[in-house]
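Colleague: I would like a close look at one part of this model, taken slowly and with the surroundings filled in afterwards.

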Amino acid sequence: MVIFSVYVVNKAGGLIYQYDNYVPRAEVEKTFSYPLDLVLKHHDEKVIVSFGQRDGIKVGHALLSINGVDVIGKNTADGKDILEYLKDSSNYPVSIRFGRARLSSNEKLMLASMFHSCELFDQNLKSALEVAEKAGNFGAGS
């Protein structure tokens, strides 16, 4: 069994420690000609594929690099908006690398909060079942 991430959450639901054993799995690089046959959109400070799966590129994959240069959020390395860059036919042919993007700090906090909520629900359910068992027969045939 492989451990992908470790989250330590305190009783108040705050994220104390987080570690990612991040190994990018499926990254796909492909050269495209104009016009681009994938639909891309901005989502949470990233550019992702919203329509048009093909050749290992899946909906939800993030754009990681253009022509071998890593992208920074929604912009190319020289600060241009990626979607505007890809609309210009003079930039083609273009080599684009797609894959799963790393979680942002905010996404990690939301995930830790979800773990905390699930733990609280589990604790409340256990105490409710204990009260019900003490009150009488609880289970099949009652």
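Which side chain meets that of D70 in a salt bridge? Please start from that pair and then place it in the rest of the chain.

Modeller: Please keep in mind that this is a predicted model. The side chain of D70 meets that of R97 in a salt bridge, with 2.9 Å from N to O. This pair links distant parts of the chain, since D70 belongs to strand β7 (residues 69-70) and R97 to strand β8, 27 residues apart. The two partners are covered to unlike degrees: D70 has a relative accessibility of 48% and therefore counts as partly exposed, whereas R97, at 19%, counts as buried. The value for R97 deserves a careful reading, because buried means under 20% relative accessible area.

R97 also has a salt bridge to E27, where the side chains meet at 2.8 Å, again N to O. That pair too links distant parts of the chain, with E27 in the loop between β2 and β3 (28-32), R97 in strand β8 (residues 94-99), and 70 residues separating them. E27 has a relative accessibility of 35%, so it counts as partly exposed. As general background, side chains of opposite charge can pair when their charged atoms come close.

A search of the whole structure finds four salt bridges. Another of them is formed by K87 with E84, the closest N and O atoms being 3.7 Å apart. Here the setting is local, because K87 and E84 are three residues apart in helix α1 (residues 82-87) and are thus separated by about one helical turn. K87 is exposed, its relative accessible area being 57%. Returning to the part you asked about, E27, D70 and R97 are joined into one network by salt bridges that share partners.

Beside this network one can place S65, a residue of strand β6 (residues 62-66). Leaving aside residues up to four places away in sequence, S65 touches D70, V71, S95, I96 and R97, so that its list of contacts, where contact means heavy atoms within 4.5 Å, includes D70 and R97, two members of the network. S65 has a relative accessibility of 2% and therefore counts as buried.

It may help to set this part against the other end of the sheet-forming region, where strand β1 (residues 5-9) and strand β2 (residues 15-20) run antiparallel and are joined by five bridges. In this pairing V9 stands opposite L15 in β2. The two strands form a hairpin with five residues between them, and in its turn G13 has a positive phi of about 95 degrees.

On the surface, I3, V6, V8, I16, Y17 and Y19 form a nonpolar patch, whose accessible area together is about 570 Å². The elements that give two or more residues to this patch are β1 and β2, and β2 gives the most, with three residues. Y19, one of the patch residues, lies in strand β2, and at 43% relative accessibility it counts as partly exposed.

Turning to the later part of the chain, F115 is placed in helix α2 (residues 105-135). F115 and Y7 are 108 residues apart in sequence, yet from C-alpha to C-alpha they are 8.9 Å apart in space. F115 has a relative accessibility of 38% and so counts as partly exposed.

Finally, the chain as a whole. Its secondary structure comes to two helices and eight strands, and from the N terminus on the elements run β-β-β-β-β-β-β-α-β-α. The chain has a radius of gyration of 23 Å, whereas a compact globule of 142 residues would have one near 14 Å. Along the principal axes, the C-alpha atoms fill a box of roughly 75 × 35 × 30 Å. Buried residues make up 26% of the 142 residues, and the chain exposes about 9900 Å², of which carbon and sulfur atoms supply 55%. Among contacts with a separation of 6 or more, 56% are between residues 24 or more positions apart. The pair you began with, D70 and R97, is 27 residues apart, and the other pair of the network that uses R97, with E27, is 70 residues apart.

Conventions: Residues are numbered from 1 along each chain as its sequence is written. This is a predicted model: local features need pLDDT of at least 70, side-chain atom pairs count only at pLDDT 80 or more; totals for chains, interfaces and linings use all residues. Side-chain values use heavy atoms; hydrogens and water are left out. Two strands pair if DSSP finds at least two bridges between them. Helices (H or I, at least four residues) and strands (E, at least two) are DSSP runs, numbered from the N terminus. Patches are made of residues with over 30% relative accessible area and no salt bridge: like charges are joined within 9 Å, nonpolar side chains (Val, Leu, Ile, Met, Phe, Trp, Tyr) within 5 Å. Accessible areas come from the Shrake-Rupley method with a 1.4 Å probe; for residues, only the protein chains shown count as cover. Buried means under 20% relative accessible area, exposed over 50%, partly exposed in between (1.4 Å probe, protein chains only). The radius of gyration is taken over C-alpha atoms; the globule rule is 2.2 Å times the number of residues to the power 0.38.
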